[in-house]
Amino acid sequence: MREPFWKRTISSPYGERVLPGSTRRQFHLGIDYRVPQGSAVRAPLAGVVTDRRYSPANGNTVTVDHGNGWKTKYFHLLDPALVKERTKVAEGQVIGLVGETGTSAVGPHLHFETWHEGRHRDPAEFLSQIDGHK
């Protein structure tokens, strides 16, 4: 998939939502994109991989620091071994493949979060600052 993930269908937006598979409400810290399993996830901007791990809830995850206080996080990846911690990534570089690792009640998708100076922010705010993403 050459098309950027953020141009794909949003299956769950940022903000208050009903937790999939329940009636409980929660604040969703990111945006879920409906993307076929195995699709390439490309960095929207250059940066440095600051974290790569597995967690039972989020599955395989990658965090990229883009500078100026901005970090992006990618959850439910098939395998985060495509990038290593403390390595630079270029804009458009593949950093992972879409999967459904961790807690994923909706099938394969990419959960994408943005953080600015330690606080979660609406990913649309981050993407709107990138030339050509408006």
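This passage walks through the strands, the nonpolar core, the largest pocket and a few single residues of the structure above. The model is a predicted one.

A good place to start is the run of strands β6, β7 and β8. Strand β6 covers residues 47-55, and it is tied to β7 by 7 bridges, with the two strands running antiparallel. Getting from β6 to β7 takes a hairpin with 3 residues in the link. One pair that faces across these two strands is Ser55 and Gly59, the latter sitting in β7. Further along, Val48 has Asp65 of β7 as its bridge partner. Val48 also has a partner in β9, and that one is Lys88. Strand β9 is made of residues 88-89, and its pairing with β6 is antiparallel, over 2 bridges.

On to the next pairing. Strands β7 and β8 also run antiparallel, this time joined by 6 bridges. They make a hairpin too, with 2 residues in between. Asn68, in that turn, has a positive phi of about 55 degrees. Gly67 stands opposite Trp70 of β8. As for β7 itself, 7 of its 9 residues are buried, so the strand is largely enclosed by the rest of the structure.

Thr63 gives a closer look at β7, the strand where it is found. Is Thr63 buried or exposed? Its relative accessibility is 8%, and because buried means under 20%, Thr63 counts as buried. Looking past residues up to four places away in sequence, Thr63 touches Val48, Val49, Thr50 and Asp51, and also Lys71, Thr72 and Lys73. In a regular strand, side chains take turns pointing to one face of the sheet and then the other.

Next comes the nonpolar core. The largest one holds 22 residues, and those with the most contacts inside it are Phe5, Tyr33, Val41, Tyr74 and Ile95. Several elements supply two or more residues each: β4 (31-34), β7 (59-67), β8 (70-77), β11 (110-116) and α1 (123-128). Which element gives the most to this core? That is β8, with 3 residues. Nonpolar side chains tend to be buried together in soluble globular proteins.

Ile95 shows what such a set of contacts looks like. With neighbours within four places in sequence left aside, Ile95 is in contact with Val41, Ala43, Val62, Val64, Tyr74, Leu82, Val83 and Val89. Two of these names, Val41 and Tyr74, also appear with Ile95 among the core residues with the most contacts.

Leu97 lies in strand β10, which spans residues 94-97. With a relative accessibility of 28%, Leu97 counts as partly exposed. Its contacts, again leaving out neighbours within four places in sequence, are Gly38, Ser39, Ala40, Val41, Leu77, Leu78 and Leu82. Leu97 and Pro36 are 61 residues apart in sequence, yet 9.5 Å separates them in space, C-alpha to C-alpha.

Glu16 makes a handy second example. This residue belongs to strand β2 (residues 15-18). Its relative accessible area is 48%, and since exposed means over 50%, Glu16 ends up as partly exposed. Apart from residues up to four places away in sequence, Glu16 touches Arg25, Gln26 and Phe27. Glu16 and Thr72 are 56 residues apart in sequence, and their C-alpha atoms are 20 Å apart in space.

Last up is the largest pocket, which contains about 320 Å³ of space. Its lining is made of 19 residues, and the closest to its centre are Arg17, Gln26, His28, His76 and His111. Strands β3 (25-28), β8 and β11 each give two or more residues to this lining. Which element gives the most here? It is β3, with 3 residues. Sorted by class, the lining has 8 nonpolar, 8 polar and 3 charged residues. Strands β8 and β11 thus turn up in two places: each gives two or more residues to the largest core, and each does so for the pocket lining as well.

Conventions
Residues numbered from 1 in each chain as written. Predicted model: local features only at pLDDT ≥ 70, side-chain atom pairs only at ≥ 80, totals over all residues. Heavy atoms only, no water. Core = buried A, V, L, I, M, F, W, Y, C linked by side-chain atoms within 4.5 Å. Buried < 20%, exposed > 50% of the residue type's maximum accessible area, 1.4 Å probe, protein only. Helix = DSSP H or I, 4+ residues; strand = E, 2+ residues; numbered from the N terminus. Contact = heavy atoms within 4.5 Å. 1 Å grid on protein atoms, 1.4 Å probe; cavity = no way out; pocket = protein on both sides within 12 Å on 5 of 7 lines; lining within 4 Å. Points joined across faces, edges and corners; volume = space filled by probe spheres on them. Nonpolar A, V, L, I, M, F, W, Y, C, P; charged D, E, K, R; others polar. Pairing = 2+ DSSP bridges.
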